[in-house]
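Visitor: I am new to this structure and would like a close look at a single part of it. Could you take me through the surroundings of the ligand and what lies beyond them?

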Amino acid sequence: MSQSLPQYDRIYFGDCLEVLRHWPEGFADLIYIDPPFNTGQTRRLQTIRLGRGALLRRGFSGRQYKYQIVSDLSYSDNMPLEEYLDFLYQRILEGWRILKPTGSFFLHVDPRIVHYARGILDDVFGAERFINEIIWAYDYGGRPRDRFPPKHDNILWYAKSDIWTFNVEEIERIPYMAPNLVSPDKAARGKLPTDVWWITIVPTNARERTGYPTQKPEKLLERIIRAASRPGDLVVDYFAGSGTTGAVARRLGRHWILVDINPQAVAVMQQRLAAPAIPDAS
Ligand SMILES: C[S@@+](CC[C@H](N)C(=O)[O-])C[C@H]1O[C@@H](n2cnc3c(N)ncnc32)[C@H](O)[C@@H]1O
């Protein structure tokens, strides 16, 4: 198969395994991926507009409201576990291949998958290349009555070699929990975040909201991209969804490449980034 460098600041449409196989090794500075979690569901998000349309919804105290569906976005997230882990393994291996020797890889999963994911990453990168497990904590959604509500995702950070980027000075500092226990200077400057990050999910009324299911907040990507890449570097996300990684990379002066298999995702990204999409190369 002939391989050539992809175009930067572009959206690629297709199965990332096929798309990445057309690219040479060792050119990406930072990879962040947020693959489907294998929840066995179809992920779906409908956005509705109240007050017009032919559909009726029953609201508080039995009142009826007219509404119309203005967008209906979905992708499927179901595979037997073994098949899913094999799917992930092959795609992580391709990610490792296209990373520069100084590159970093961030894998976003959840507590149901993280133990398997860690095994795969140890295998591909080597256990000694593990840097952090970031806990992204949020507080949203249902609360089961038979356990503590699970309200975090896990982001595993591995480096390709023993040299990687960590821009301490670029990372937004956060307030100390007990500012009176440190000097006033330190309290005013704030502290470097730990590996537990409290960041709210994308609020319904936020400007960044695209309507794509499982869209991640820009603040989360901002911390990752600021910490693990430099201006001018190339950031790749090959499970890109609504294109959060590309939007933040561009704002922070990094180059970006996004890949997704879902035409709806590609359409959302084209609109968000006003960038052309390149069709499936396979
Ligand atoms: C959890 S979502 C990513 C959400 C994204 N981080 C955001 O902020 O919007 C996972 C994405 O992976 C895509 N996907 C699933 N299988 C894929 C494959 N084989 N190649 C490329 N993309 C794939 C899905 O279409 C979906 O958009």
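**Around the ligand**

Guide: In this predicted model, the ligand is surrounded by 20 residues, of which Phe239, Gly241, Ser242, Thr244 and Asn262 come nearest. Sorted by class, the shell around the ligand holds 10 nonpolar residues, together with 6 polar and 4 charged ones.

One of those nearest residues, Thr244, leads on to a pair of helices, since Thr244 is also among the residues of helix 6 that meet helix 5. Two packed helices are described by the angle between their axes and by the distance between those axes. Here helix 5, which covers residues 218-228, packs against helix 6, which covers residues 244-251, at an angle of about 55°, and the two axes are 9 Å apart. Helix 5 is therefore oblique to helix 6, and the crossing in which helix 5 passes helix 6 is right-handed.

Looking at the residues themselves, helix 5 brings Glu218, Leu221, Glu222 and Ile225 to this contact, while helix 6 brings Thr244, Thr245, Ala247, Val248 and Ala249. By class, the contact between helix 5 and helix 6 is made of 5 nonpolar, 2 polar and 2 charged residues.

For another place to look, turn to Tyr140, which sits in the loop that joins strand 6 (130-137) and strand 7 (152-159). Tyr140 has 10 other C-beta atoms within 10 Å, and because a residue with 12 or fewer counts as exposed, Tyr140 is exposed. The C-alpha atoms of Tyr140 and Pro203 are separated by 9.9 Å, although the two residues are 63 residues apart along the chain.

Notes. Residues numbered from 1 in each chain as written. Predicted model: local features only at pLDDT ≥ 70, side-chain atom pairs only at ≥ 80, totals over all residues. Near = placed C-beta within 6 Å. Nonpolar A, V, L, I, M, F, W, Y, C, P; charged D, E, K, R; others polar. Axes fitted to C-alpha atoms, helices over the stretch in contact; angles between N-to-C directions. Helix = DSSP H or I, 4+ residues; strand = E, 2+ residues; numbered from the N terminus. Parallel < 35°, antiparallel > 145°, perpendicular 65-115°, else oblique. Left-handed = near helix turned anticlockwise from the far one by under 90°. Contact = placed C-beta atoms within 7 Å. Buried ≥ 20, exposed ≤ 12 C-beta atoms within 10 Å, placed from the backbone.
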